Amino acid sequence: MVILKWISLFLASYLFYSSTYACHHSPVQKSKKMFDVILKDLLKTYKPAGGGGIQGIHMVSTDVFKVSILQEERIDEITYHLIVKPNCSVVIEKRSESTETKDPHLKK
């Protein structure tokens with residue numbers, strides 16, 4: 001009887017925590033959702049005209065991505081701290097911008 005109670009408690013806890021606290025998508029599915037959120041935000045918030053577009057989106061850590069956007073004399077960098085919720089939706093926790101100036105002496 002004690003074993004049955006323990007098993008039922010274990011199963012109930014497992015089902016609760018696995019459905020509440022973890023997104024069960026594959027890493028590639030999670031990355032796609034994260035990229036979609038980042039690109040949607042960039043379309044809405046990034047306004048500078050000109051330049052060469054997105055140079056790259058780099059994963060800095062599990063939930064931090066850095067976007068590099070080429071401009072004529074600089075590289076704009078936008079860093080996103082993201083949260084993957086239990087239902088696998090992605091939200092932006094923090095967004096920061098910085099600029100790296102291109103050195104004209106390094107041109108090939």
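This passage describes the disulfide of a predicted model and the surroundings of one residue in strand S4.

The predicted model holds one disulfide. The bond is formed by Cys23 and Cys88, whose sulfur atoms lie 1.9 Å apart. The torsion about the S-S bond of this pair is about 110 degrees, and the disulfide is therefore right-handed. Distant parts of the chain are linked by the pair, the two cysteines being 65 residues apart. Cys23 is located in the loop between helix H1 (2–20) and helix H2 (27–45), whereas Cys88 is located in the loop between strand S3 (74–84) and strand S4 (90–101). Both cysteines fall under the 20% limit for buried residues: Cys23 is buried because its relative accessibility is 11%, and Cys88 is buried because its relative accessible area is 7%.

Glu100 was examined as a position within strand S4. With a relative accessibility of 39%, Glu100 counts as partly exposed, since this class covers values between 20% and 50%. When neighbours within four places in sequence are left aside, Glu100 is in contact with Arg74, Ile75 and Glu77. The C-alpha atoms of Glu100 and Asp76 are 6.4 Å apart in space, while the two residues are separated by 24 residues in sequence. Strand S3 spans residues 74–84, and strand S4, which holds Glu100, spans residues 90–101; the loop between these strands is the one that contains Cys88.

Note on methods
Residues numbered from 1 in each chain as written. Predicted model: local features only at pLDDT ≥ 70, side-chain atom pairs only at ≥ 80, totals over all residues. Heavy atoms only, no water. Disulfide = S-S within 2.5 Å. Helix = DSSP H or I, 4+ residues; strand = E, 2+ residues; numbered from the N terminus. Buried < 20%, exposed > 50% of the residue type's maximum accessible area, 1.4 Å probe, protein only. Contact = heavy atoms within 4.5 Å.
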